[in-house]
Amino acid sequence: MPRRRFWSVFPASAREATDAIVANLLLHAFPARMRVRSLAWTPSLWLGTVSWVLFVSLLVTGLPLMVFYIPSTREAYQSVKDIEHVVSFGWWLRAAHRIAAHAMVIAVTLHLARVFLTGAYRNAAEREQHREWNWVIGVSLLAATVLLSFTGYLLPWDQLAYWAVTTSMNIVASAPLVGRSIRSLLLGADEVGQSALMRFYVLHIVVLPIAVAALFAYHMWRIRKDGGLAHPSEAREHQDALVVETIPTVVIRVAVVTVATWLAVTVLAILIPSPLEEAANPLLTPNPAKAPWYFLWLQEIVADTTVRLGPFTINGALVGGVLLPVALLVVTTLWPWLDRSPASTAGVWMPRQRRTQLLVFGALAVLVVGLTVVGLLRGPSWHFFWPWQPWPDMPSRF
Amino acid sequence: MPKTRRAPEASTPGQMDRVALACLAVALAVATGWLVYGEASPEYAGYQRSLRESIRQRLGEAAAATTPTGIQQIWIAQAGDANRCVTCHAAATWRGFETAAEPLRTHPPDILRSHPVERFGCTPCHGGQGWAVDEARAHGRVAHWPEPLLDTPLADALIPGAGRRTLMELRCNVCHRYERETAGTPAINRAKRVLEQKGCRACHRVNGRGGLIGPDLEAIGDKNPEQYDFSRLAGRPSAFRWHGAHFQDPRALVADTVMPNFHFPPDEIRALTLLAMSWKRPAFVAAFSGDLPRSDPQPEEERRLVEEMGKGPGGWFVRTGCYTCHPVAVFGVKSPTPIGPDLSTAAEDTERRFSRPIDVFVRNPAGTMRAVFARQFMLSPAEKDEAIRQLRAAFAQYEALRAAGRNPLEPAK
């Protein structure tokens with residue numbers, strides 16, 4: 001039978017199907033059976049799986065890049081030039097790594113938004129469930145993802161990298177009491193240099209990937225312990241759910257998501273070349289000097305909130321760069337305990353009972369996306385340019 | 001274990017998943033194939049093939065086998081720079097392609113004899129991005145590469161009518177800067193003569209010698225374009241264009257400058273711009289310079305003249321440095337670059353030109369002398385008193401000579 005050349009497991013009973021899952025190293029993370037509604041597209045949009053596939057593709061493309069990249073301020077830029085110009089598939093590996101990294105920040109953020117909008121941090125069955133804890137793990141996974149992207153931002157050692165990190169670190173240093181210590185810890189100095197490059201490199205290739213992998217394993221394990229995706233009637237359905245066997249239905253669905261994600265990364269990496277500006281020059285600030293795009297909304301606030309009231313100056317970097325993001329992160333982390341809506345809203349998209357918090361969330365989302373777009377459109381001297389307005393000619397040598 | 005129900009086939013999600021997976025797999029295979037094909041057929045492979053074919057036809061199979069395949073590079077160790085230009089420009093050192101189209105043309109052989117490509121590479125003379133192996137990026141006409149290839153289109157845009165070779169002279173002078181005269185660089189040689197004639201060193205430091213009134217020009221060619229003020233330059237902001245406009249009329253670009261307008265003719269403006277842009281210090285200069293002079297000392301003749309004048313009656317003007325711009329004819333002091341008025345009559349002249357008697361003028365100068373006293377000759381009050389005495393003495397001598405019926409401003413014999 002030709003089918004058997006590609007697939008060898010055809011369990012005769014539910015017991016055999018369970019055994020097949022448990023006995024397989026790769027599949028044992030899955031349950032033996034899954035609820036039909038969990039498999040559907042609408043409750044989850046499969047964003048968590050997309051995020052994981054992007055993480056694995058970052059490991060796959062990152063490994064060969066590691067072979068060619070030299071984490072030294074003298075050689076980093078040239079090694080990236082070589083990756084870009086002469087290493088076989090080097091330009092594509094770099095582009096795929098970059099695209100997947102940006103996509104992962106987006107996917108994880110959307111995943112968090114989905115969990116919020118469906119109230120999936122609630123425990124409708126209220127038996128041995130701690131989804132609020134998994135929400136906290138999820139928020140730390142988002143933070144780790146952003147840090148992974150940010151530490152990778154410095155590595156090409158070009159003007160874009162150097163000044164994006166310099167700008168961000170100066171904002172960090174404006175935090176009261178601990179700001180300067182955190183900057184010293186991350187940079188190993190007061191400014192971006194060799195020790196900063198080494199610290200960012202080690203964080204990027206060892207510490208943060210291991211942290212994400214460990215947190216992810218914990219995240220998945222908790223999903224299993226919490227009884228899968230949240231649903232208002234999960235308490236009742238515990239006894240009487242409509243299920244499918246993991247083999248083959250779930251495995252094929254996961255394969256569809258995996259291949260679709262990888263295909264998108266492959267094609268986008270071919271179409272969108274990665275920028276590489278001039279070599280880092282500590283004596284010359286590019287105009288405009290922008291933070292990475294996911295921090296642009298904060299940079300926009302920093303630029304707009306330096307307010308002077310009589311003798312007092314409200315420091316924009318402190319408000320936009322420190323107080324606001326920290327407050328937002330704390331509220332987000334604690335949200336499952338702050339949300340007082342009934343447990344029956346678990347797993348329901350935007351229920352009426354949560355209208356106020358949904359509206360506030362929506363307004364914040366519009367604000368963040370809007371400010372990010374404004375930040376993207378900023379040109380020289382932080383002037384605003386519509387997409388159809390050309391930037392003025394930048395000075396050149398010839 | 002909880003009781004569960006198997007979903008009936010019809011209501012199971014993922015009925016179409018097998019079809020979707022098959023389609024996605026095919027699409028992924030196509031995309032991967034596209035990527036591999038692109039990587040396996042780079043731009044340079046076509047040039048290398050056609051070179052091999054020409055060599056085969058002319059010289060046979062054995063010679064064709066020696067033509068390069070794949071990426072070729074010249075490693076310029078001193079500059080830490082890779083030049084991969086020869087990957088496409090593979091015929092540069094072959095004879096017989098003198099009239100072929102680029103990139104497969106023979107490089108003019110004479111210049112390569114004194115500048116062997118294995119040692120000097122390509123970008124030190126031509127500009128461009130040696131790291132890249134595709135035309136657009138290798139020729140450096142892309143964002144974020146500051147040194148574009150000095151080719152004909154660029155020359156036509158910057159110095160219309162003069163041509164690519166003239167533009168390239170600026171790169172010759174990066175190493176040849178201390179030579180008075182370099183074969184094959186007529187524009188640069190001309191600019192160097194103008195530099196001496198107009199006495200640019202009176203105000204500017206050039207090749208280790210010169211004044212402090214104007215900016216130090218030692219490495220002006222390395223000055224970053226971002227650091228120029230383009231607010232008064234119409235058109236595309238570029239350092240090259242800025243210097244062109246500035247040589248034409250300094251005050252048009254820098255309102256409060258003390259640099260005079262020398263009314264240079266257009267070809268001198270072009271030559272001076274090339275000279276200024278050539279004053280840069282890339283890493284390879286020391287290694288490439290060989291037997292070239294490494295400094296530009298004051299000519300012996302000039303030094304001896306200064307020594308003699310220093311012993312004469314106008315010695316004070318020489319020792320203090322006034323003579324760099326001002327002659328003092330009555331004392332036989334000559335200026336190598338007489339851009340300032342003769343100081344023999346200054347004691348009377350300041351009254352007429354600045355409405356200030358000489359003692360007031362020296363203590364509180366106006367015009368160019370204000371910049372000169374502020375930046376280069378920072379005289380103490382005692383030195384200023386001495387200056388007033390010396391200037392009055394010069395004028396007294398002037399009056400005495402005139403009373404004796406002689407022309408005091410006649411150059412001393």
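**Exercise 1. A strand pair in chain A**

Take M34(A): which residue stands opposite M34(A) in β2(A)? Then work out why strand β2 of chain A is largely enclosed.

*Solution.* M34(A) has V244(A) of β2(A) standing opposite. Keep in mind that we're working with a predicted model. Next, look at the pairing as a whole: strand β1 of chain A, residues 33-35, is joined to β2(A) by 3 bridges, and the two run antiparallel. Finally, count the buried residues. Strand β2 of chain A covers residues 241-245, and 4 of these 5 are buried, so the rest of the structure largely encloses the strand.

**Exercise 2. Two helices in contact**

Find the angle at which helices α8 and α9 of chain A pack, and say which residues make the contact.

*Solution.* Start with the geometry. Helix α8(A) spans residues 159-173 and helix α9(A) spans 179-187; they pack at about 145 degrees, and their axes are 7 Å apart. Now list who touches whom. From α8(A) come M169(A), V172(A) and A173(A), while α9(A) supplies G179(A), R180(A), I182(A), R183(A), L186(A) and L187(A). Sort these residues by class and you get 6 nonpolar, 1 polar and 2 charged.

**Exercise 3. Where chain A meets chain B**

How many residues of chain A are in contact with chain B, and which element gives the largest share?

*Solution.* First, the totals: 39 residues of chain A contact 43 residues of chain B. Next, the elements on the chain A side. Those giving two or more residues are α3 (36-39), α5 (76-85), β2 and α12 (246-271) of chain A. The largest share, 12 residues, belongs to α12(A). Last, the chemistry: the side of chain A that touches chain B has 23 nonpolar, 8 polar and 8 charged residues.

**Exercise 4. Nonpolar cores**

Pick out the residues that touch the most other members of the largest nonpolar core, then follow the contacts of A100(A).

*Solution.* The largest core has 70 residues, and the ones touching the most other members are L54(A), A100(A), M104(A) and A161(A). Helix α6 of chain A, residues 90-117, gives this core its largest share, with 12 residues. Now zoom in on A100(A). Skipping neighbours within four places in sequence, A100(A) is in contact with L54(A), S57(A), L58(A), T61(A) and V265(A). There's also a second, separate core of 33 residues, which includes I159(B), L167(B), F230(B) and M277(B).

**Exercise 5. Buried or partly exposed?**

Classify A144(A), L112(B) and G121(B), using 20 or more C-beta neighbours within 10 Å as the cut-off for buried and 12 or fewer for exposed.

*Solution.* Begin with A144(A), which sits in helix α7 of chain A, residues 131-154. A144(A) has 21 other C-beta atoms within 10 Å, so A144(A) is buried. Beyond four places in sequence, A144(A) touches L208(A), A211(A), V212(A) and L215(A).

On to L112(B), in helix α4 of chain B, residues 109-114. Here 15 other C-beta atoms lie within 10 Å, so L112(B) is partly exposed. With residues up to four places away left out, L112(B) touches H107(B) and V117(B).

Finally, G121(B) is in the loop between α5 (117-120) and α6 (123-126) of chain B. G121(B) is buried because 25 C-beta neighbours fall inside 10 Å. Again leaving out residues up to four places away, G121(B) touches I74(B), I76(B), D81(B), N83(B) and G130(B).

**Exercise 6. Backbone oddities**

Locate the cis peptide bond that joins N287(A) and P288(A) and the one from E102(B) to P103(B), then look at phi for W46(A) and H144(B).

*Solution.* Remember the background: most peptide bonds are trans, and most residues other than glycine have a negative phi. The bond joining N287(A) and P288(A) is cis, with omega about 0 degrees, and P288(A) lies in the loop between α12 and α13 (296-304) of chain A. In chain B, the bond from E102(B) to P103(B) is cis too, with omega near 10 degrees. P103(B) belongs to the loop between β3 (81-83) and α4 of chain B.

Now for phi. W46(A), not a glycine, has a positive phi of about 60 degrees; W46(A) is in the loop between α3 and α4 (47-68) of chain A. W46(A) counts as buried, with 21 C-beta neighbours inside 10 Å. H144(B), also not a glycine, has a positive phi of about 70 degrees. H144(B) is partly exposed, with 15 other C-beta atoms within 10 Å.

Conventions
Residues are numbered from 1 along each chain as its sequence is written. Chains are lettered from A and ligands numbered from 1 in the order in which they are written. This is a predicted model: local features need pLDDT of at least 70, side-chain atom pairs count only at pLDDT 80 or more; totals for chains, interfaces and linings use all residues. Helices (H or I, at least four residues) and strands (E, at least two) are DSSP runs, numbered from the N terminus. Two strands pair if DSSP finds at least two bridges between them. Axes are lines fitted to C-alpha atoms, for helices over the stretch in contact, and angles run from 0 to 180 degrees between N-to-C directions. Two residues are in contact if their C-beta atoms, placed from the backbone, lie within 7 Å. Ala, Val, Leu, Ile, Met, Phe, Trp, Tyr, Cys and Pro count as nonpolar, Asp, Glu, Lys and Arg as charged, and the others, Gly among them, as polar. A nonpolar core is a set of buried Ala, Val, Leu, Ile, Met, Phe, Trp, Tyr and Cys residues joined through C-beta atoms within 7 Å.
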